[in-house]
Amino acid sequence: MLIKPYGDTFNDGAIQISFSLPLPLGEKSKKASLELALKMGIANPKITFTQDLGEDFSFFIIYGNLSHEIDIDSLKISEVKEPIIDFWDINRLIDEKFNRKIVIVGATIGSDAHTVGLDAILSAKGYAGDVGLERYPVFQVHNLGSQVLPELLLEQIMDLQADVVLVSQVVTQKNIHIHNLTQLVELTEGAGLRDHIILICGGPYLSKELALELGYDGGFGAHSLPSEVASFIARRLLEKSK
Ligand code: B12
């Protein structure tokens, strides 16, 4: 089945896009924005908003009709969500198996200062009505905050004897997240720790596939819930202890 976005009438392809150009606002940059829209397959492009950003940059919002369509039957979805384990079951299962608290260390690594996502997963308050990992009696959570260099995180992993390490990467400009995440894996491998910890990364532009590719046990993207992460940790811990 072929589908298109729609606005006024079904399958009219109506979309709105926005972008900035490295040109001052003027007739040339307006023409360039329309030409770019046409090249993107947007028919009848109209400029609905412009702004001079100063220093020879300009901003455009363009409305038009997308000519591309997508065959939804050809799409293969590989990310199947793992089932959630109930809060009380997680605490019971871990307590029965390990009879101690599981040490979780979390940080935002590199120069990344975005803490809201990591806090959403770790803090007792949680996210979207879902309690965070600090609320689970079987977890002992150490939230190291933001801008933790991978080398320092490694030290903390060793000092705190972490079972689980959660790292957040929100900034992906110039692939800085790939660099930071790879460095952390290499450091844990170098220290002979990789097989002893569960390493998880998260952030709005991360996926499970990318996480596995980079050598992580799991990866969580936009809108992840603490209960999904807690369930993943519980399942992984139990599998590893078999
Ligand atoms: C708030 C914010 C800031 C605040 C951060 C304050 C703080 N203490 O966190 C401040 C003002 C400091 C900031 C600064 C910058 N920001 Co900013 N920021 C945002 C903003 C508006 C919201 C982010 C947020 O809080 N989301 C809410 C949380 C709950 O969502 P989340 O992060 O996705 O987290 C969820 C999941 O991703 C996941 N998750 C996240 N981490 C983890 C970790 C683990 C282990 C797990 C399991 C799950 C998980 O679970 C969370 C809950 O579902 C976004 C734009 C946007 N609307 O998203 C830009 C945004 C993230 N920022 C951006 C940029 C570029 C910057 C700056 C570079 C800007 C600049 N030129 O100075 C600086 C960078 C500073 C630095 N050194 O990192 C870009 C990033 C683009 C990119 N892909 O690289 C964005 C997307 C804005 C944009 N559209 O350009 N920012």
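Hi everyone, let's start inside the protein, on strand β8: Val 164, Leu 166 and Ser 168 point one way, Val 165 and Val 167 point the other way, and all are buried (under 20% relative accessible area, with a 1.4 Å probe and protein chains only). Strands here are DSSP runs of E with at least two residues, and helices are runs of H or I with at least four, numbered from the N terminus.

A quick word on the source: this is a predicted model, where local features need pLDDT of at least 70 and side-chain atom pairs 80 or more, while totals for chains, interfaces and linings use all residues. Residues are numbered from 1 along each chain as its sequence is written, and side-chain values use heavy atoms, leaving out hydrogens and water.

Back to β8. Five of its five residues are buried, so the strand is largely enclosed by the rest of the structure. Five bridges join β8 to β6, running parallel (pairing takes at least two DSSP bridges), and Thr 108 has Ser 168 as its bridge partner.

Now, what does Ser 168 offer the ligand? An N or O atom of its side chain lies 2.8 Å from a ligand nitrogen. I call that a polar contact: a pair of N or O atoms within 3.5 Å.

His 114, in the loop between β6 and α3, also has a side-chain N or O atom 2.8 Å from a nitrogen of the ligand. And its NE2 is the only protein donor of the ligand's cobalt atom, at 2.2 Å; donors are N, O and S atoms within 2.8 Å of the metal, or 3.2 Å for Na, K and Ca, and with water not among the atoms, sites may look incomplete.

Notes: Polar contact = N/O pair within 3.5 Å; in protein donor to acceptor, adjacent residues only side chain to side chain. Buried < 20%, exposed > 50% of the residue type's maximum accessible area, 1.4 Å probe, protein only.
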